[in-house]
Amino acid sequence: MDYYIQLLKKGCFTREEVAGITGNLRTADSLLYSYKKKNYIESVRRNLYVALSPETGGPVCNPYEIASKIFNDAYISHHSAFEFYGMGNQVFSEITVCSHSRFLPFEYDGKTYLYSGTGINMGIESVGKVRVSDLERTIVDNIKDFTRYGGLEELLHCLSMVTYVDEKKLLVYMEAYNNQFLHQKAGYILSLFPDMKISPIFFEQCKKRIHKSVRYLYEDLRTEKSSFIREWKLYVPENIKDLLREGGESLV
């Protein structure tokens with residue numbers, strides 16, 4: 001029973017971590033087999049287990065803690081990171097995970113865990129047992145990939161809940177991606193949120209990277225009604241103000 005208490009404290013663990021408790025892999029395998037039959041623990045995926053609560057019978061870890069244990073370098077990203085910070089308007093059934101090690105999608109306890117590449121190797125922090133992109137990295141990633149994760153309206157809602165950002169971090173992460181279009185999108189989208197109090201210097205830095213490039217905010221906009229924002233050389237949805245209001249921002 002002492003082993004069970006130790007596993008409850010770990011929450012989510014691998015076979016090797018159990019061996020570190022029992023002293024060897026053979027004993028760990030025997031313990032894992034026994035505890036699974038007794039419903040003390042449950043398999044999440046290959047070589048990843050979670051302890052089950054003696055009170056509820058459910059996993060003692062939340063999905064973000066589980067995702068952070070998929071690999072040693074795994075961390076929560078994109079809209080899942082916004083959800084972790086309590087900023088999501090919608091709660092998705094998917095958890096997006098970055099790692100240098102690729103994995104196939106899998107389901108556990110009502111959530112689907114999806115691989116999202118490595119991203120950039122910065123802007124990652126630990127919050128308790130959760131590894132997650134920090135707020136500025138989360139903002140940059142979601143602006144970069146909003147068509148894949150939640151869409152424009154959801155992005156605007158999440159951004160409307162941000163009251164302060166470190167603009168120096170934003171620029172560092174954007175430079176790390178070395179993506180001209182990202183500077184164009186980020187400059188325009190963040191200019192819609194004066195409450196963030198981002199300085200003119202940030203927007204000037206974004207504009208320096210645009211040059212003469214004229215773009216659509218997203219590809220499908222080519223067949224939708226759009227408006228041209230000359231300052232950012234960007235075509236945006238004609239109803240962007242409505243989306244801002246629906247997203248929680250009514251200042252524009």
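Two aromatic rings, each from Phe, Tyr or the six-membered ring of Trp, are counted as a pair if their centres lie within 6.5 Å. A search of the whole structure, which is a predicted model, finds 15 such aromatic pairs. The protein chain in which these pairs occur comprises 252 residues, of which 49% count as buried. Its secondary structure comes to 11 helices and 12 strands, and its C-alpha atoms fill a box of roughly 65 × 30 × 30 Å along the principal axes. Among contacts between residues at least 6 apart in sequence, 58% join residues at least 24 apart.

One aromatic pair is formed by Tyr4 and Tyr40, whose rings are stacked, with 4.5 Å from centre to centre and 25° between the planes. Tyr4 belongs to helix α1 (residues 2-10), whereas Tyr40 belongs to the loop between α3 (25-37) and β2 (41-45), so the pair ties together parts that are 36 residues apart in sequence. The two partners were also assessed for accessibility. Tyr4 is buried, with a relative accessible area of 5%, and Tyr40 is partly exposed, at 22%. The loop between α3 and β2 also holds Asn39. This residue, although not a glycine, has a positive phi of about 60°; Asn39 is exposed, with a relative accessible area of 56%.

Ring pairs further link Phe71, Phe103, Phe106, Tyr113 and Tyr115 into a cluster. Within this group, Phe103 is placed in the loop between β5 (94-98) and β6 (106-108). Its relative accessibility is 6%, and because residues under 20% are classed as buried, Phe103 counts as buried. Beyond its neighbours within four places in sequence, Phe103 is in contact with Arg45, Ile70, Phe71, Val97, Tyr113, Leu114 and Tyr115. Of these contacts, Ile70 is 33 residues from Phe103 in sequence, and the C-alpha atoms of the two are 8.8 Å apart.

Charged side chains also lie over aromatic rings. The charged end of Lys144 sits over the ring of Tyr177, 5.0 Å from its centre. Lys207 lies over the face of Trp232, with a distance of 5.2 Å to the ring centre.

The largest nonpolar core contains 43 residues, and the members that touch the most others are Ile139, Ile189 and Leu190. At least two residues of this core are supplied by each of α6 (135-144), α7 (151-160), α8 (167-177), α9 (180-191), α10 (200-208), β12 (234-237) and α11 (240-246). The largest share, 6 residues, comes from α9. Apart from this core lies another, of 22 residues, among them Cys12, Ile76, Ile95 and Phe106. Phe106 is thus named both in this second core and in the aromatic cluster.

Helix α9 was examined further. Of its 12 residues, 10 are buried, so the helix is largely enclosed by the rest of the structure. The buried residues are Phe181, Leu182, His183, Gln184, Lys185, Ala186, Gly187, Tyr188, Ile189 and Leu190. At 1.5 Å a residue, α9 should span 16 Å, and the 17 Å between its end C-alpha atoms agrees with this expectation. The N-terminal end of α9 is capped by Asn179, a side-chain oxygen of which lies 2.9 Å from the backbone nitrogen of Phe181. Towards other parts of the chain, and leaving aside neighbours within four places in sequence, Ile189 is in contact with Ile143, Phe146, Leu155, Leu156, Leu159 and Leu217.

Two further loop residues were considered. Ser77 is placed in the loop between β4 (75-76) and α5 (78-84), and is buried, with a relative accessible area of 0%. The side chain of Ser77 makes a polar contact of 2.9 Å with the side chain of His78. Not counting residues up to four places away in sequence, Ser77 touches Thr96, Val97, Cys98, Ser116 and Ser133. Val97 is also listed among the contacts of Phe103. His211 is found in the loop between α10 and β10 (215-216). The phi of His211 is near 60°, a positive value in a residue other than glycine. In contrast to buried Ser77, His211 is exposed, with a relative accessible area of 54%.

Terms used. Residues are numbered from 1 along each chain as its sequence is written. This is a predicted model: local features need pLDDT of at least 70, side-chain atom pairs count only at pLDDT 80 or more; totals for chains, interfaces and linings use all residues. Side-chain values use heavy atoms; hydrogens and water are left out. A nonpolar core is a set of buried Ala, Val, Leu, Ile, Met, Phe, Trp, Tyr and Cys residues joined through side-chain atoms within 4.5 Å. Buried means under 20% relative accessible area, exposed over 50%, partly exposed in between (1.4 Å probe, protein chains only). Helices (H or I, at least four residues) and strands (E, at least two) are DSSP runs, numbered from the N terminus. Contact means heavy atoms within 4.5 Å. The expected span of a helix is 1.5 Å times one less than its number of residues. A polar contact is a pair of N or O atoms within 3.5 Å; within protein, one must be able to donate a hydrogen and the other to accept it, and residues adjacent in sequence count only if both atoms are side-chain atoms. Rings of Phe, Tyr and Trp (its six-membered ring) pair if their centres lie within 6.5 Å; planes under 30 degrees apart count as stacked, over 60 as edge-to-face and the rest as tilted. A charge sits over a ring if NZ of Lys or CZ of Arg is within 6 Å of the ring centre and within 35 degrees of the ring normal.
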